[in-house]
Amino acid sequence: MTGLYIHIPFCKRKCPYCDFYSVVENDDTIFHRYVNALLLEADKYKDKRIEIDTVYLGGGTPSLMDEKLILTLLTGINERYKVCDNAEITIEANPSSVDFNKLSGYRKAGINRISFGIQSSCDRELQALGRLHNFDEAKKAVFSARQAGFENISADIMIALMGQTKSDVKKSVEDIVELGTTHISSYILKVEDNTPYAEMNLTLPDDDDTAEMYLYMSDMLKGFGYRHYEISNFSKPGYESRHNLKYWRAEEYIGLGVSAHSYFNGSRYYNKKDLAAYLSGESVKVIEEKNINKSEEYLMLSLRLSEGISTNKYMSLGGNAEILDKAREIGNRFIKINGERLSLTEEGFLVSNEIISRLL
């Protein structure tokens, strides 16, 4: 089974912390041209008899597109691939860009999972993040989604914000859990190069305060019945993101759209960040990696998951036979060893890059 990622690069306004490829655009004509370009790109895979079990519309802000255009896109995808009856089909949404009618149309088009970029329940924090919604609008959006027939509803929370305290984190977690979300993705704010935040003299929580917030949030969510199944992701039982699990388990997926990445037929490649070229139908693919080091990739991706890695599988892929000895040297504060399985503790998640570099 193959995953399908579709990048929708349009935003009403660019958030000052975001370094994903997006453009400020709200023109239906451009949206229609883009969907046509997506389906033309999809045609290039048409003869491969691909079976799709996850579809993910990410961005950008996919929910800027109306329900009729999303239906056109998904109908075109169904015409080109074999989409499984039980496929997980996700759309990312900004709370300010949806209403009941649009959400109902998305549900009728076949979307069965929605991910809201809520980020915080504190309006002061939302304003500082450059979000277009307040928390009342976020609550209304989640309520409308449930009324439209969505059961699988995810929300983003961002921590380690300017001036944020543990009590602020506590309030956001409690408020967003109270909405009945089945999945929560939580991200630590990082100031990325070439973003407006990079040009500001921001004062963010230090590493110790950030770690404390992360562990506190994790404990809270587990207390509310969420499973911490990946570094940044928590879910109620059975509501893990099936699409994102493909990335972390190194399963194959196709990426359609400007800047989209793919891992297909053993190769990794991506589309250039050039909307004009994409709309004109130019070939924009760039090969990223052909000869993939399977053991390193398995270690780096699977240690993001609470299930961790099988050291037997790691070594069968050509990995270092001394990995268990290296893990014991690092210690059980950061690594759990259970037979031939190795995984990170929650404190280990916070320093995962350092641990992985020591294990390789």
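In the next few minutes I will go through the nonpolar cores and the aromatic contacts of this structure, which is a predicted model.

Let me begin with the interior. The largest nonpolar core has 89 residues, and the members that touch the most others are I6, Y34, I77, F116, L256 and L359. Helix α1, which spans residues 28–43, gives the most to this core, with eight residues. At least three residues of the core come from domain 1 (2–247), and at least three from domain 2 (294–359). There is also a second, separate core, made up of nine residues, with C15, L129, L161 and M162 among them.

I would like to stay with Y34 for a moment. If we leave aside its neighbours within four places in sequence, Y34 is in contact with H7, I8, P9 and F10, with M65, with G257 and V258, and with L275, Y278 and L279. Two of these partners return when we look at the rings, since Y34 belongs to a cluster in which ring pairs link it with F10, F31 and Y278.

That brings me to the aromatic pairs, of which a search of the whole structure finds eight. One of them is Y5 with Y56, a stacked pair whose centres are 6.1 Å apart and whose planes are 25 degrees from each other. Because Y5 lies in strand β1 (residues 2–8) and Y56 in strand β4 (residues 51–59), this pair ties together parts that are 51 residues apart in sequence. Y5 counts as buried, at 13% relative accessibility, and Y56 is buried as well, with a relative accessible area of 8%.

Then there is Y229 with W248, where the ring centres are 6.4 Å apart and the planes stand at 65 degrees, so the pair is edge-to-face. Here Y229 is in strand β9 (residues 227–230) and W248 in helix α8 (residues 242–248), so parts 19 residues apart in sequence are tied together. Both Y229 and W248 are buried.

Rings also meet charges in this model. The charged end of K166 sits over the ring of Y216, at 4.6 Å from the ring centre, while the charged end of R268 sits over the ring of Y263, at 4.1 Å from the centre of that ring.

Finally, a polar residue: is S144, in helix α5 (residues 135–147), buried or exposed? With a relative accessible area of 10%, S144 falls under the 20% cut-off and is therefore buried. Leaving aside its neighbours within four places in sequence, S144 is in contact with F100 and L103.

Technical notes. Residues numbered from 1 in each chain as written. Predicted model: local features only at pLDDT ≥ 70, side-chain atom pairs only at ≥ 80, totals over all residues. Heavy atoms only, no water. Core = buried A, V, L, I, M, F, W, Y, C linked by side-chain atoms within 4.5 Å. Buried < 20%, exposed > 50% of the residue type's maximum accessible area, 1.4 Å probe, protein only. Helix = DSSP H or I, 4+ residues; strand = E, 2+ residues; numbered from the N terminus. Domains from an automatic or database assignment. Contact = heavy atoms within 4.5 Å. Phe/Tyr/Trp six-rings, centres within 6.5 Å; stacked < 30°, edge-to-face > 60°. Lys NZ or Arg CZ within 6 Å of the ring centre and 35° of its normal.
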